[in-house]
Amino acid sequence: MTATRVLVLNSGSSSVKYQLLDMRDSSRLAMGLVERIGEGTSRLKHTALTTGETRETIVPIADHAAALKAVAEELAKDGLGLDSPELAAIGHRVVHGGKQFTAPTVIDEAVLAEIERLIPVAPLHNPANLIGIRTARALRPDLPQVAVFDTAFHTTMPESAARYAIDVRTADEYRIRRYGFHGTSHAYVSRATAELLGKAPEDVNVIVLHLGNGASASAVRGGRCVDTSMGLTPLEGLVMGTRSGDVDPAVIFHLMRVGGMSTDEIDTLLNKKSGLIGLCGDNDMREIRRRVDEGDEQARLAFDIYIHRLKKYIGAYYAVLGRVDAIAFTAGVGENAAPVREAAVAGLEELGLAVDADLNAARGDGPRLVSPEGARVAVAVVPTDEELEIATQTYALVGASHDLI
């Protein structure tokens, strides 16, 4: 029997998302979410896509070890247990891989140690990722486990894009540089956009706009990232749901000296109380657009600031690439908010950018073009699939060596 299944795990501080895929046809066999881990009202929602059945339970789940055991039990109920000989590997989403990890990596003790050393530059994410990895390894110590890093796709950036203009020795000592995030999404979408155009990735230059509650842009030349909007952390760049994006660093000193705010208070302000929610009290683009349509000036200002920042990055990455074949919108806002796509390219006709009003307004599930026929630059909507990307990278690394007789 050939082992063709990959379990994808995304472990957060109090949650575990998972999907089980069969890599023969990239089909999903099961998916689910465990949330509120460590609380008395932990929730596990599991869907067996082979039968269409969804089961939901609310029970105390003490920790990630208990969460993954509960996931294993749910999978076993559908004949998809972790002990199946058809399971080739477990792929883990890891947010920060620094400069070292440029590709998916089979996890061993040295890899775990390096992910742990990177905690200071990813204090919210890497600890939770490590817990998930260690728990899964304890459940299946014999099974290959692979780390797929959010930062890996962006390690192809030249030093001119990755370096901040600060003292080199200080930057190197504290690992201060631009790493970028959402890499699995940018990798998947840039490749899918090339496919949509009927071209090979190495022949296409794409600006990818991953617009969700977290948002990032990337300039991809011939399948390789040459610039991206997020930096040392996911705070830099575009206006996001609760994050400020780009801000003058002196704002921080001003808030400390004049406002008397602590570093933790400023961290909370910029990461959780800024962006759209800071500007208008909402971080749901659907609600913001409803308010705009009703004449709400605060919502209009928030929307305009969001679009202004987005246009700046489109223009900047157009200049970085020199030639742009496509702009691809993805993630929750990018895929579903037609007014955002329309506003983002409005006025950029001289750059070959425009959307067809009817195509842009139409709903669709798969990749599609929303630019006018014959447009110099294609404007595309490409649904992202980070779980499939993680599974694909995981299986490409270990699948071929785990054929079972």
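Angles of 65 to 115 degrees between axes count as roughly perpendicular. The model treated here is predicted.

**Exercise 1. Helix 6 against helix 15**

Task: How are helix 6 and helix 15 oriented to each other, and which residues meet?

Solution:
- Step 1. Two packed helices are described by the angle between their axes and the distance between the axes.
- Step 2. Take the distance. The axes of helix 6 (residues 183-196) and helix 15 (residues 386-398) come within 9 Å.
- Step 3. Take the angle. The two axes cross at roughly 90 degrees. Helix 6 and helix 15 are therefore roughly perpendicular to each other.
- Step 4. List the contact. Helix 6 contributes Thr184, Ser185, Ala187, Tyr188 and Arg191. From helix 15 come Glu386, Leu388, Glu389 and Ile390.
- Step 5. Sort these residues by type. Four are nonpolar, two polar and three charged.

**Exercise 2. The six-stranded sheet**

Task: What is the strand order of the open sheet, and which strands lie at the edges?

Solution:
- Step 1. Read the order. The six strands run 11-10-9-12-14-13, and the pairing is mixed.
- Step 2. Find the edges. Strand 11 (224-228) and strand 13 (368-369) each pair on one side only.
- Step 3. Add the helix. Helix 11 (residues 297-321) packs on this sheet and touches strand 9, strand 10 (215-221), strand 11 and strand 12. The direction of helix 11 makes about 160 degrees with that of strand 9.

**Exercise 3. Strand 12 and its partners**

Task: Which strands pair with strand 12, and in which sense, parallel or antiparallel? Are the residues of strand 12 buried or exposed?

Solution:
- Step 1. Start with strand 9 (residues 205-211). Strand 9 pairs with strand 12 (residues 326-330) in the parallel sense, over five bridges. Among the partners, Val206 is matched with Ala326 and Ile207 with Ile327.
- Step 2. Turn to strand 14 (residues 378-381). Strand 14 also runs parallel to strand 12, and four bridges join them. Ala326 has Ala378 as its bridge partner here.
- Step 3. Check burial. Five of the five residues in strand 12 are buried.
- Step 4. Assign the faces. In a regular strand the side chains alternate between the two faces of the sheet. Ala326, Ala328 and Thr330 point one way from strand 12, while Ile327 and Phe329 point the other way.

**Exercise 4. His92 and Thr105**

Task: Are His92 and Thr105 buried or exposed, and what do they contact beyond their sequence neighbours?

Solution:
- Step 1. Place His92. This residue lies in strand 6 (residues 87-94).
- Step 2. Apply the cut-off. Buried means under 20% relative accessible area. His92 has 1% relative accessibility, so His92 is buried.
- Step 3. Collect the contacts of His92, leaving aside neighbours within four places in sequence. They are Leu9, Ile107, Gly132, Ile133, Ala136, Gln145, Val146, Ala147 and Val148.
- Step 4. Place Thr105. Thr105 belongs to strand 7 (residues 105-106). With a relative accessible area of 18%, Thr105 is buried.
- Step 5. Collect the contacts of Thr105 under that neighbour rule. They are Val111, Gln145, Val146, Ala147, Phe149 and Leu397.

**Exercise 5. Cysteines**

Task: How many disulfides are there? Are Cys225 and Cys280 buried or exposed?

Solution:
- Step 1. A disulfide needs two cysteine sulfur atoms within 2.5 Å. The count comes to zero.
- Step 2. Cys225 has a relative accessible area of 0%, so Cys225 is buried.
- Step 3. Cys280 is buried too, with a relative accessible area of 10%.

Methods: Residues numbered from 1 in each chain as written. Predicted model: local features only at pLDDT ≥ 70, side-chain atom pairs only at ≥ 80, totals over all residues. Heavy atoms only, no water. Axes fitted to C-alpha atoms, helices over the stretch in contact; angles between N-to-C directions. Helix = DSSP H or I, 4+ residues; strand = E, 2+ residues; numbered from the N terminus. Parallel < 35°, antiparallel > 145°, perpendicular 65-115°, else oblique. Contact = heavy atoms within 4.5 Å. Nonpolar A, V, L, I, M, F, W, Y, C, P; charged D, E, K, R; others polar. Pairing = 2+ DSSP bridges. Buried < 20%, exposed > 50% of the residue type's maximum accessible area, 1.4 Å probe, protein only.
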